[in-house]
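Notebook open, aromatic rings on the list for today. I want to see who pairs with whom and where the charges sit.

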Amino acid sequence: MEKAKEHGPNNPRVWLIDGTSDFYTPGMFGGDKEKALTKFEKAARLAEQGSPDDPLMPSWGHAEAHAWVGVAHMEAERYDPARTAFETALNPDYGWVEKVLLPKLEEK
């Protein structure tokens, strides 16, 4: 992960993957969901700055980063910021938010 950050410090997908690692790693092994949230938020900021017109850069990451911001907030029972993040992530080509995450949030 450190080499990926070295080669692509402004690549939102690097921060997204690093965040999911922190999110799913048990705390006793160094995982931390709040640290993951910080990385997801950084990924979201970087994805918003990216240029989808660059043919050499992948264009995915914006919806995914916001979805993970929402997941982290929902896990911490911060439902309003979770909803905001999910609504930002809504995308017709990315059904996870509409079909899974928002319905799960409605159950809370």
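Are Phe23 and Phe40 buried or exposed? I looked up both: Phe23 is buried, and Phe40 is buried as well. I'm keeping in mind that this is a predicted model.

Entry on the pair count. I tallied the aromatic pairs and got seven. One of them is Phe23 with Phe40, a tilted pair with 6.3 Å between centres and 50° between the planes. I then checked where the two rings come from. Phe23 belongs to helix α2 (residues 12-24) and Phe40 to helix α3 (residues 33-49), so this pair ties together parts 17 residues apart in sequence.

Entry on the tryptophans. Trp68 and Trp96 also make a tilted pair, at 5.3 Å centre to centre and with 50° between the planes. Trp68 sits in helix α4 (residues 62-75) and Trp96 in helix α6 (residues 95-106), so here the parts tied together are 28 residues apart in sequence. For burial I noted a relative accessible area of 12% for Trp68, which is buried because the cut-off is under 20%. Trp96 comes out at 28%, so I put it down as partly exposed.

Entry on the cluster. I followed the rings further and found that Phe23, Tyr24, Phe40, Trp68, Tyr94 and Trp96 form one aromatic cluster. Both pairs above have their rings in this cluster.

Entry on charges. I looked for lysines over rings. Lys33 has its charged end over the ring of Phe23, 4.7 Å from the ring centre. Lys42 lies over the face of Trp15, and I have 4.1 Å to the ring centre there.

How values were computed: Residues numbered from 1 in each chain as written. Predicted model: local features only at pLDDT ≥ 70, side-chain atom pairs only at ≥ 80, totals over all residues. Heavy atoms only, no water. Phe/Tyr/Trp six-rings, centres within 6.5 Å; stacked < 30°, edge-to-face > 60°. Helix = DSSP H or I, 4+ residues; strand = E, 2+ residues; numbered from the N terminus. Buried < 20%, exposed > 50% of the residue type's maximum accessible area, 1.4 Å probe, protein only. Lys NZ or Arg CZ within 6 Å of the ring centre and 35° of its normal.
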